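Let us walk through this structure, one sheet and one surface patch at a time.

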Amino acid sequence: MGEFIEKKDYFGVRFPIPRDLRAFIEILEKEGELKRIKAEVDWNLELSHIAKLNEERSGPALLFENIKDYKPGEKRGSKVFTSAFTTPKRVAIALGMDRSAGVVDIAREWMTRVTKGGKIPPKKVSDGPVMENVVEGDKINLLDFPVPQVYPQDGGRYFGTAVYLLTKDPEKGKEWVNLGTYRMMVLDEKSLGVQILKGKDADVMMQKYREMGEKEMPAAAVIGGTPLGFLTGSTLVEYGTSEYEIIGALQGEPVEVIESDLTGLPIDARAEIVAEGFIPVDEKEWRPEGPFGEYTGYYSGKAKEEFPKPWIRVERIMHRNDPIFWVTTVGRPVTDTHMIQSINRTAELWTQLEQMGVPGIQSVYIPPESGGRFWAIISIKQMYPGHGRHAGLAAFATVVGNYGMKGVIVVDDDIRADDLPRVWWALSVRYNPVEDTEIIKKGRSTPLDPSLPIYKDWYDRRLLVSRILIDATTPYEWERKPQVIELDKETVEKLKQRWDEFGFDWKPE
């Protein structure tokens with residue numbers, strides 16, 4: 001049985017917040033959002049392909065209970081959980097929100113909890129379910145867990161997809177601990193390759209260890225625990241902010257953590273599986289990793305040609321009894337990777353715009369179809385000439401918008417940011433390309449972007465991308481503005497009262 005937190009959400013309705021993965025699975029099943037797969041499924045491609053086909057039909061979360069070569073009781077776990085966050089409803093469940101909430105509703109609630117409720121640091125405890133089993137030395141074997149081969153051309157089996165990596169800043173000590181979602185390939189039974197891209201928080205920390213003369217950086221790969229760990233580990237919060245504090249704000253109480261006597265890292269006491277160890281900081285000691293079917297829908301990295309990657313020398317594995325291995329299929333949109341990036345980056349972009357003091361923000365949306373990161377839409381209530389440009393340029397200046405974002409579309413407040421048909425309408429009737437387009441020639445990119453060309457010595461050249469701001473608002477300064485057609489409100493209200501008479505199977509809002 002899992003544990004729950006009672007929390008009053010943005011909609012004024014009380015729903016429990018799952019404190020750990022087991023509670024999340026329990027409530028998903030209760031609400032018809034989980035399917036158990038009891039037939040034997042091969043960890044090699046079959047598992048991921050079933051999950052992907054299910055996700056493309058917006059199907060339920062899946063719990064595989066019979067993995068080939070992994071029978072219950074024979075090895076360390078036989079259950080694999082997938083497709084956790086492929087729909088906004090399941091993200092709402094993790095946050096204890098109304099089940100009808102959409103991406104914009106969830107992002108607004110996230111922004112409200114973080115900005116008004118305040119960040120809540122984690123709380124130390126001495127014990128927890130994650131310590132039910134401690135494996136060290138020669139007994140360590142990462143493949144004792146049902147690690148899947150996700151796509152045909154992947155370089156190997158990926159232990160880390162729905163995972164976060166714990167690292168800490170050596171200068172600030174325990175003050176700043178980062179939770180970052182990085183892919184992790186099994187290199188051998190005691191080694192995990194980790195793709196830590198340049199400029200990411202773990203990379204910044206690793207550089208500091210190197211400058212201080214340290215040979216290794218403590219690290220821990222965490223699977224399970226609070227479902228909000230994976231949700232926040234893949235977002236872009238302000239530099240120096242621990243995602244544990246964001247999780248605390250979202251759930252209204254601190255995450256309970258155990259301070260490891262091996263790495264000194266604070267580990268979620270209710271995690272399912274934790275692989276602890278050390279990352280060599282000297283690039284000469286790094287190892288090949290990949291390729292991997294990334295969230296862009298393309299493979300990235302070639303094991304023989306790609307630059308070497310950091311890797312974790314695993315010195316200890318902790319896990320709960322009968323642990324549940326959590327994975328995501330990644331790949332072409334939309335999977336739960338894209339949905340959570342859409343939600344957490346929408347929420348953080350909105351939060352950062354609020355903190356920057358940009359007025360009039362009505363709603364924000366980063367569509368999951370854009371990889372959950374490359375395009376943003378902002379709805380504003382205009383207050384002055386140039387307000388649309390202000391909002392769009394400010395978005396590019398945020399932590400979220402600065403990394404990888406290619407385009408921002410700004411619309412008026414009569415259009416909700418996630419109302420894509422109306423956004424297209426605004427682009428058609430309120431947008432004049434010559435007057436309303438701003439091009440920024442250079443901005444920070446991700447080397448995973450497949451639209452960027454591959455040259456010799458290509459990596460550094462893929463760190464920059466151009467950007468476009470599309471202002472699809474009616475200019476505030478126009479004295480004579482086009483008149484929008486609107487329905488007569490009195491007539492609409494009268495019709496709503498009689499709607500059942502007309503025989504529709506839906507009702508207007």
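**A four-stranded sheet and a nonpolar patch**

In this predicted model, isoleucine 37 stands opposite phenylalanine 64 in β4. That pair sits where β3 and β4 meet. The two strands run parallel and are joined by 4 bridges.

Now step to the next strand. β4 covers residues 61–64, and β5 covers residues 79–82. These two run antiparallel, with 3 bridges between them. Here phenylalanine 64 has valine 80 of β5 opposite it. Phenylalanine 64 thus has isoleucine 37 opposite it in one pairing and valine 80 in the other.

Zoom out to the whole sheet. The sheet is open and has 4 strands, in the order β3-β4-β5-β20. Its pairing is mixed. β3 (34–37) and β20 (324–326) are the edge strands, each pairing on one side only. From one strand to the next, the twist averages 25°.

What lies across β4 and β5? Helix α2, residues 46–55, does, and the helix runs at about 160° to β4. Which way do the side chains of β4 point? Ala61 and Leu63 point one way, Leu62 and Phe64 the other way. All four are buried, because each has under 20% relative accessible area.

Turn now to the surface. Leu495, Phe502, Phe504 and Trp506 make a nonpolar patch of about 380 Å². Tryptophan 506 belongs to the segment after α14 (489–497). Is this residue buried, partly exposed or exposed? Its relative accessible area is 44%, so tryptophan 506 counts as partly exposed. That value is over the 30% required of patch residues.

Key
Residues numbered from 1 in each chain as written. Predicted model: local features only at pLDDT ≥ 70, side-chain atom pairs only at ≥ 80, totals over all residues. Heavy atoms only, no water. Patch = residues over 30% accessible without salt bridge, like charges linked within 9 Å, V, L, I, M, F, W, Y side chains within 5 Å. Areas by Shrake-Rupley, 256 points an atom, 1.4 Å probe, with all protein chains shown as cover. Salt bridge = Lys/Arg side-chain N within 4 Å of Asp/Glu carboxyl O. Buried < 20%, exposed > 50% of the residue type's maximum accessible area, 1.4 Å probe, protein only. Pairing = 2+ DSSP bridges. Axes fitted to C-alpha atoms, helices over the stretch in contact; angles between N-to-C directions. Contact = heavy atoms within 4.5 Å.
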